[in-house]
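Ready to poke around inside a protein? Grab a pencil, and let's work through a few exercises on rings and charges.

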Amino acid sequence: MERISTKKFASVFRDIHKSSTDRRFCFILGAGASKSSGIPTGFDLANDWLEDIKENETKDDFDKWVKENKIDVKHIGNHYGVIYKKRFSLDEQSGYDILNKVMEHAKPSFGYSVLAQLLSSSQHNIVITTNFDSLMEEALFTFSYKRPLVCGHESLTGYAKASYNRPLIAKIHRDLLLHPMSNPNDIQLLADGWSNALDGVFNTSIPVVIGYGGNDGSLMSYLKNKKGLGNFFWCVRKSDSPKKEVIDVLKNSNGKLVEIEDFDSLMFDLLEALDLNLLDKELEQTAKKRAEEYRDSVKKIKEAKEKSPDIEDQVAAEKLYEKTESDSPWNFILRSQSEKDKEKKKGILEEGIKKFPQDIDLLNEIVWQLILDKDDTAMRYIEKAFALNVNDVIANGHYAVFLQQIKRDYDEAEKYYEKTLILSPKASFNISNYANFLRYSRKNYDKAEKYYKEALQINPSMAVFTDNYAHFLKDIRENYIEAEKYYKQSLKMEPQNANYNGNYAGFLLGLNRAMEGKKYLDTAFSLRPKEDLELELWFYSFAHIVESMKDAEEKIKELLKEGARSEGWDFSLNIETAIKNKHPYPERLKEYAELITTPVK
């Protein structure tokens, strides 16, 4: 039987991995592989339980029991099952509960991160284990996007087959949640079904044993009796001596004994040999992405509840910040979003930035609020965001909008819109904003339509994208049939959205469908519209609703005086229809449209 170093084993692994996709390794893991993850080995647990037994038995009874069971105190791990049975003889459930407690807070160590990469991205995607823990599954969930097939009970052995599409985790002694086997009577024999399943695996795979001492009778008996294993690698710590049964298995299969420092060290050598990457950056990005997706989901629900006709829903949405950690960046963001007063909203965000000056989400939030308020002090916070991360997609997208809408520097704005598309080609909000830029600022309608469609293709469930495209089809293409389809689609997604009701009302009134249009106009008014939308709604009333004309004109004057505007909005269809319907003040109608759509100088 040949002994080889970890480096030599890693070299053999690399050669097979690179030279043939038909040959695969499978991993047999024992308790030793989980030690660095915070789970005691069978030796450690058996040793602790033996001390408990010793304390609760008379010396004579203890010595008698040790002698009858031929327990070698120097090799306690070999007697794990017998010691477990004695320790928990009065209440086996306590043994299960203790194992559960030992394992519930364990986290996959570095070695599991490497193994997860192998299982998720190569043909070496099988783990056979005597462990009950979920470290391998958790590692795959944490370090990859592959979901394994976990056979944690002998009733599932029919599914335990090698596949190139999905990792397999076969738990010989069951999963922790499925009444795991620790009793010697249970672990002495291989449960029905496992022999055939293991035959199928070993007929096509080269076994690599890590952290398994062969102390159970089930898997060890199978390995001793298995013929034609071929290549076989059994890893042991340099300081450990393998038991005779292990040496016999290796001799029978012409196997190699691999001397390792520990599981993590072995996996590090495989990482090097296979030129795999460390995952710290990917983990940070994944965690950030998940947090962003979670917050986006919360934001969407919050916005829907704010627009709900149910007062309790509205109150719950406004107080959502109370459910976050009180002194956290997100708390400041949610508090600002619930505040109606612009100055107070800004004050909340500035307070948050003072406490968390390095939080780019807070900086991006205040930039967006300032852009909405046409406040050029946004530049101060954009610069701070860029100082933290010049390639932050949101910050670059906000800067593009700032340059377009506030600075009117369209050449620079276009550079930053294009930069965002390079940084994140699938960032649908930036794509949609770029489409608006191309339409309103560049008048490049064909290119704008391309990006409107692209945003919708990436995120078809985003109502604002369908609404934007509906405006484009109405105003630029004059394709009213298609436009109506998209207006209805946005309303189907968000029926209580004041903007979508108001926009559809304006569209219907422009097509001289007054009865239908008034219904949506009334709904929009009832949903507490913001100043710019309210101004549009009063314009529609002035243009099309005779009985509201006088009040509408007064409201238009009032809102214009307060600085409300709807820059770039297209009222041409409504003006044309109103004049055809003999509007009494056509010139005044055109004058108000000009005032509403032109920014305050």
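Here come some exercises on this predicted model, each with a worked solution.

**Exercise 1. Work out how the rings of Y504 and Y520 are arranged, and which helices they connect.**

Start with the geometry: the two ring centres sit 4.8 Å apart, with the planes at 70°. Planes over 60 degrees apart count as edge-to-face, so that's what this pair is. Next, find the helices. Y504 belongs to helix 25 (residues 498–510), while Y520 belongs to helix 26 (residues 514–526). The pair therefore ties together parts 16 residues apart in sequence. Last step: Y504 has 2% relative accessibility, so it counts as buried.

**Exercise 2. Do the same for F542 and Y592, then decide whether each one is buried or exposed.**

The centres here are 5.5 Å apart and the planes stand at 80°, so we have an edge-to-face pair. F542 is in helix 27 (residues 531–544) and Y592 is in helix 30 (residues 586–597), which puts the partners 50 residues apart. Now for accessibility, where buried means under 20%. F542 comes in at 0%, so it's buried. Y592 has 6%, so it's buried as well. For context, the structure holds 41 aromatic pairs.

**Exercise 3. Find out what joins D269 to K7, and how far apart they are along the chain.**

Look at the side chains: they meet in a salt bridge, at 3.5 Å from N to O. Side chains of opposite charge can pair when their charged atoms come close. Now trace the chain. D269 lies in helix 12 (residues 263–273) and K7 in helix 1 (residues 6–19), 262 residues apart. Finally, check the surroundings: D269 is buried at 10% relative accessible area, whereas K7 is exposed at 59%.

**Exercise 4. Explain where D63 and K59 sit relative to each other in helix 3.**

First, spot the contact: their side chains form a salt bridge of 2.9 Å, N to O. Then count along helix 3 (residues 59–68): the two are four residues apart, so about one helical turn separates them. As for accessibility, D63 is partly exposed at 35%, and K59 is exposed at 62%.

**Exercise 5. Say which rings R295 and R588 lie over, and at what distance from the ring centre.**

Take R295 to begin with: it lies over the face of W330, 5.2 Å from the ring centre. Then turn to R588, which lies over the face of Y585 at 4.0 Å from the ring centre.

Conventions:
Residues numbered from 1 in each chain as written. Heavy atoms only, no water. Phe/Tyr/Trp six-rings, centres within 6.5 Å; stacked < 30°, edge-to-face > 60°. Buried < 20%, exposed > 50% of the residue type's maximum accessible area, 1.4 Å probe, protein only. Lys NZ or Arg CZ within 6 Å of the ring centre and 35° of its normal. Salt bridge = Lys/Arg side-chain N within 4 Å of Asp/Glu carboxyl O.
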